[in-house]
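Here are a few notes for a colleague who is coming to this structure without having seen it before. Please keep the sequence and the 3D view open while reading.

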Amino acid sequence: MNENDNLENETGFSGRLIVVSNRLPVSIKKESNGKWSCKMSSGGLVAALSGLKSNFIWVGWIGTEIEEEDRKEIKDLLWKDYSCIPVFLSEKVANEHYNGFSNGVLWPLFHYLPGDLDYDDRIWNSYVEANEQFSSVVAEILKPNDLVWVHDYHMMLLPEILKQKKPDARIGFFLHIPFPSSEIFRVLPCRKEILLGILNCCLIGFHTYDYARHFLKSCTRIVGLETAPNGVYFKDRFVQVGVFPVGIDPDKFFESLKTTQVQNRIKELKESFDGTKVLIGIDRLDYIKGIPQKLQAIERLFQKYPEWKGKLVLIQVAVPSRQDVEEYQKLKKEVEELVGRINGLYGSIGYSPIHYLFQSVDPSELTALYNISDAALITSIRDGMNLVAQEYIVCQTENNGVLILSEFTGAAQSLSGAVMINPWNTEEVADSIHNSLLMSPEEREEKHQMLLKYVTKHTASHWGLGFVKELNKASSNFDKMVTIQKLDIEKLVETYKQSKRRLLIFAYDGTLIPYNNVPQLSRPTQELLNSFDILSNDPKTDVYILSGRDKKTLSEWFHGIQIGLSAEYGCFFKLPESNEWEQQVPSMDLSWKETIRPLFKYFTLRTPGSFFEEKEMLFTWHYRNADPIFGSIQARELHLHLDNLPLDVIVGDKTLGVRSYNINPLSSMKKVITDTIPKGLDLILLIGDTHIHPSELPTFDGKIFNISVGKKSVKDSYHLSDPAEVNYLLNRLEKISKDESSAPAPDN
């Protein structure tokens, strides 16, 4: 059976999978004969992806700078033996990307330690450069049906860069560490760039719903995007966000436990600790792992429960990590001082309460240590997942050992049979250790079985296959979504030139002028006024602006320009050749305003940053300056109140309008079109949110272009990205009017 069959059968995906991570799962070495050799490395991601059982392609850095003359040999060797493609980074870029930005900025910030941030533009530029080099390698090998799976915080810009090179790329991203709350994340100077980087994916995955929720809130607060519980509306796409808790390969540990080497070591360890309760702690020596908090809790345990002296040991394995970094050197010194103090105070000749190992431990030794322990103590102050918890569970074949787990690990949301602790509460941790070691056999077994059932089901293979399956599905849905075609301005210009009579209908805010936090500052630019002046003097062209603004403001802004205007969403209308406004709604009792005014005042007071405008026929509540999440909640609540009243509610972009009569500019524009058809009308442009759909207009012998600006809608035929593109289009149309007016009249 082909290895790829497993991937296809489980996920429905039959193409190639390209995995992108900072490091390749291979170590290389130059032998004495000058030839290079490679060896497969071990690691969490390697173990997790091994469950896919397929020959996927792996792209990553090789771990060292390689001379130009050696690169071809290494590329050929890695591809032939491991299906790996190296990214060659200079030592400077690699160091500033990995140690500088990834681990000096993102790692502490994402683990809620913003005070340790060491940001500067130099390391940010190297982070950008490294992501660009990775994307270039991926773009070079990418084929149409491939899936690209990008891993972790080192590669958060890669999806956007790759999309620029390959717009049809099908990309997924998985973050293996926590995503912090928006209040922490917003500290990052390049916060927007990071979010936009990964938003160019079809699927974004996290270990827990908390991390996903924090990401979604950051998208709303920082980028201003609309979100749903399972994704983000970005550009004209819905980017799916999912929760995929990573697992381990339990069979590897079950098999290891059966080996003679491990069984002999278990026997030796049991004899060494006979009559003693054993706590196990396996951690990288990293400040997020909470080793000092663990040792302080052990010290408090001996103070509060002196009966454990001589009857309890903690075996603490501290795997060396980033020993060249000053913060880690300080941590090592602090841990060793705590170990020495506790052993000095509570130890005796022949008994040390803490067995401290500052070293890596081979898998056989690790399996044996897990097996003989009565409890595992995990005190991480922040941890993406923590797979030590799962490894401990599957190795507890006899003892039904208790898992004491920090609530600040990602694993805490999945392993409900564990004893949960707050590592900052030393007293609570000490009590939890005491109670766990005295737990009844029945309770231990019940908790262990609950944990074992979860871990053996949610394996590494389950995680990998689940993500690829969802990525394949999400990327397929991406292709099927309605895509609004970008307006080809050159084609429209040609159509415009050929037309005999044109009608141009524009929305104002967000179309001709960008939205402004202070609406009064959204005056038209002089360039815009000049364009409309030229277009309005073209006998072949009629121009109308439809707005929610009041007639006084529009009259002042466009004074002296022969264009048609609609104010307050169609309540008032002015023809191009007239200075008089016509009221489009019957004169009515305005006592409804006395009901609305206190309601709008109430929501303005309780929503900081919001305000309301009172116009002749319209009240408008603005919440663009409010907190995006709170503002949206308040808008929904206000909308519910308004729905209970016999009034017309207008939902705008960060605005809510209300009036007593349901009208829009359509009725006025219908009359304009009807009057213009006999004059040879053959082209209508509807640009922006005009509240008019082409199907509602009178039929005529010509073309209609319905063009959205910014936010796309399925009712629109085309779209432009922003007001800048609308102004560019206006300049092109203005030039045609100029050229036509200066052209000599045709001979009769």
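The points below go from the whole chain to one helix.

1. Please bear in mind throughout that this is a predicted model. The chain contains 25 helices and 30 strands, and its C-alpha atoms fill a box of roughly 115 × 70 × 45 Å when taken along the principal axes.

2. Of the 748 residues in the chain, 54% are buried. Among the contacts with a separation of 6 or more, 71% are between residues 24 or more positions apart.

3. As for the surface, the chain exposes about 33,600 Å², and carbon and sulfur atoms supply 49% of that area. The side chains include 83 positive and 99 negative ones, and the centres of these two sets lie 1 Å apart.

4. Helix H19, which covers residues 489–498, may serve as a local example, and its buried residues are Ile489, Leu492, Val493, Thr495 and Tyr496. Seen down the axis of H19, these buried residues fall within an arc of 165 degrees, so they line one face of the helix. The spacing fits a general rule, namely that an α-helix has 3.6 residues a turn, so residues three or four places apart point the same way.

5. Which residues are exposed on the other side of H19? They are Lys491 and Gln498.

6. The start of H19 also deserves a look, for there a side-chain oxygen of aspartate 488 reaches to within 3.1 Å of the backbone nitrogen of glutamate 490.

Notes:
Residues are numbered from 1 along each chain as its sequence is written. This is a predicted model: local features need pLDDT of at least 70, side-chain atom pairs count only at pLDDT 80 or more; totals for chains, interfaces and linings use all residues. Side-chain values use heavy atoms; hydrogens and water are left out. Buried means under 20% relative accessible area, exposed over 50%, partly exposed in between (1.4 Å probe, protein chains only). Helices (H or I, at least four residues) and strands (E, at least two) are DSSP runs, numbered from the N terminus. The arc is that of the directions from the helix axis to the C-beta atoms. A polar contact is a pair of N or O atoms within 3.5 Å; within protein, one must be able to donate a hydrogen and the other to accept it, and residues adjacent in sequence count only if both atoms are side-chain atoms. Contact means heavy atoms within 4.5 Å. Accessible areas come from the Shrake-Rupley method with a 1.4 Å probe; for residues, only the protein chains shown count as cover. Lys and Arg count as positive and Asp and Glu as negative; His and the chain ends are not counted. The place of a charge is taken as NZ of Lys, CZ of Arg, CG of Asp or CD of Glu.
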